[in-house]
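The exercises below ask you to read geometry and burial from a set of atomic coordinates, moving from the whole chain to single residues. Try each task before you follow its worked solution.

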Amino acid sequence: MKKFITFSMILLLLAGVISGCVAQAAEEESAITMRLAHNQGETHPVHKSLVEFARLVEEKTDGSIKIKLYPNGQVGSEREAVELTQTGAIDIAKVSSSTLENFSKVYSLFSLPYLFDSQEHYYQAMNSDIAKEIYQTTSDIGFSGLTFYDSGTRNFYTNNVEITHPDDLRGLKIRVQPSPTSIKMVELMGGSPTPMPYGEVYTSLQQGVIDGTENNETALTDSNHGEVAKEYSYSEHAMVPDILIMNNSKWDQLSAKQKNAITEAAEESTAFHKEVWEQAVEDAIEGAKDKGVNFSTPDKQPFMDAVQPLHDEFAEKKETAKYYKEIRKLVEEE
């Protein structure tokens with residue numbers, strides 16, 4: 001009898017082990033792999049932050065969700081990445097809020113020059129319920145925002161003209177993002193806006209197709225713009241955040257636990273990004289100086305005066321008035 005009980009127990013143990021292995025295999029097989037696309041290189045702080053996001057998602061979901069990254073614009077332009085996210089061909093994308101302006105007019109607010117008075121004001125707004133509400137303005141067209149990543153201040157830089165005043169932009173062809181607000185900004189400052197994909201900027205600067213562009217300091221080194229553009233002027237005209245967006249259908253397929261894990265991972269990756277971004281900017285400035293780039297700091301007031309009509313417009317437009325006033329009110333309350 002004792003031998004029979006022992007043998008039965010062994011059979012039960014074996015059955016348990018086999019059942020556990022089958023369940024584990026089934027769990028691994030059912031793990032979701034999400035595709036995340038962005039247009040930056042693998043040394044860029046945004047890519048590093050997205051790698052951290054992917055790691056956190058896998059960790060927080062106990063491996064039930066894995067993120068596969070597609071950097072370097074592998075799926076096409078940012079607009080194409082948004083469209084692919086809409087259809088579900090990819091699940092997540094990191095794009096500039098200026099690109100999202102073409103899908104929701106509310107996002108044009110982030111391209112408004114001098115919307116934010118300081119970095120502190122910028123972070124306060126982007127971490128508020130105002131930003132979360134804006135993220136949902138595209139939910140009816142297939143995707144929503146998850147979080148933002150700092151992309152610094154945008155400043156003018158040219159091949160050889162120091163921009164100390166809006167008058168210095170007159171007659172210059174300045175590349176801008178494909179954003180109606182950015183186009184209007186350069187027009188008001190007296191320049192000739194030239195929208196074009198980011199990947200074409202280096203060659204266009206080199207060949208004289210454009211005289212200058214506007215971006216943060218990392219473009220000087222990560223994209224080697226500092227090899228051809230030697231004058232960088234701190235106009236600090238915009239703080240345009242990058243936004244992490246996700247396909248709504250994919251989101252709806254997730255469990256409450258998985259949704260919470262992705263939300264937490266997104267927020268934590270944003271905090272992680274602030275640190276790597278700060279270091280990246282410091283490194284970029286030093287690297288650009290080594291390339292012979294001259295940095296200057298003009299008086300910002302003439303630039304702010306030039307774009308005041310845009311502020312008046314945004315304060316009245318139906319799509320942006322509410323959010324514009326709420327963001328500006330944050331400064332008044334300090």
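**Exercise 1. Helix orientation**

Classify the relative orientation of helices α2 and α11, and describe the residues of their contact.

Solution. The model is a predicted one. Begin with the packing geometry: helix α2, residues 45-60, packs with helix α11, residues 256-290, at an angle of about 150°, and the two axes are 8 Å apart. An angle over 145 degrees counts as roughly antiparallel, and α2 and α11 are therefore roughly antiparallel to each other. Next take the handedness, for which α2 passes α11 in a right-handed crossing. Finally sort the contact by residue class, which gives 13 nonpolar, 3 polar and 6 charged residues for the contact of α2 with α11.

**Exercise 2. Overall dimensions and burial**

State how many helices and strands the protein has, how far its C-alpha trace extends, and what share of its residues is buried.

Solution. The secondary structure comes to 14 helices and 11 strands. Along the principal axes, the C-alpha trace spans about 100 × 45 × 35 Å. Of the 334 residues of the protein, 49% count as buried.

Turn then to the nonpolar cores. The largest nonpolar core has 48 residues, and within this core Phe156 and Met189 touch the most other members. A second core, separate from it, has 20 residues, among them Met34, Leu36, Ile92 and Ile262.

**Exercise 3. Aromatic pairs**

Classify the ring pairs Tyr122 with Phe148 and Tyr232 with Phe295, and locate each partner in the secondary structure.

Solution. A pair of aromatic rings is described by the distance of the centres and the angle of the planes. The structure holds 10 aromatic pairs. For Tyr122 and Phe148, the centres are 6.0 Å apart and the planes make 85°; since planes over 60 degrees apart count as edge-to-face, the pair is edge-to-face. Tyr122 belongs to helix α5 (residues 119-126) and Phe148 to strand β4 (residues 143-149), and the pair links these distant parts of the chain, 26 residues apart. Tyr122 counts as buried because its relative accessibility is 1%, and Phe148 is likewise buried, with a relative accessible area of 1%.

For Tyr232 and Phe295, the centre-to-centre value is 5.3 Å and the planes are at 50°, which makes this pair tilted. Tyr232 lies in strand β9 (residues 231-238) and Phe295 in strand β11 (residues 294-296), so the pair ties together parts that are 63 residues apart in sequence. Both Tyr232 and Phe295 are buried.

As a last step, follow ring pairs from partner to partner: they link Phe116, Tyr122, Tyr123 and Phe148 into a cluster.

**Exercise 4. Sequence separation against distance in space**

Give the burial class of Gln258 and of Leu84, and set sequence separation beside C-alpha distance for Gln258 with Ser64 and for Leu84 with Glu313.

Solution. Gln258 is found in helix α11; its relative accessibility is 13%, so Gln258 counts as buried, the cut-off being under 20%. Gln258 and Ser64 are 194 residues apart in sequence, while their C-alpha atoms are 8.3 Å apart in space. Leu84 is found in helix α3, residues 78-87, and at 27% relative accessibility Leu84 counts as partly exposed. Along the chain, Leu84 and Glu313 are 229 residues apart, and their C-alpha atoms are separated by 32 Å.

Notes. Residues are numbered from 1 along each chain as its sequence is written. This is a predicted model: local features need pLDDT of at least 70, side-chain atom pairs count only at pLDDT 80 or more; totals for chains, interfaces and linings use all residues. Side-chain values use heavy atoms; hydrogens and water are left out. Axes are lines fitted to C-alpha atoms, for helices over the stretch in contact, and angles run from 0 to 180 degrees between N-to-C directions. Helices (H or I, at least four residues) and strands (E, at least two) are DSSP runs, numbered from the N terminus. Angles under 35 degrees count as roughly parallel, over 145 as roughly antiparallel, 65 to 115 as roughly perpendicular and the rest as oblique. A crossing is left-handed if the near helix is turned anticlockwise from the far one by less than a right angle, and right-handed if clockwise. Ala, Val, Leu, Ile, Met, Phe, Trp, Tyr, Cys and Pro count as nonpolar, Asp, Glu, Lys and Arg as charged, and the others, Gly among them, as polar. A nonpolar core is a set of buried Ala, Val, Leu, Ile, Met, Phe, Trp, Tyr and Cys residues joined through side-chain atoms within 4.5 Å. Buried means under 20% relative accessible area, exposed over 50%, partly exposed in between (1.4 Å probe, protein chains only). Rings of Phe, Tyr and Trp (its six-membered ring) pair if their centres lie within 6.5 Å; planes under 30 degrees apart count as stacked, over 60 as edge-to-face and the rest as tilted.
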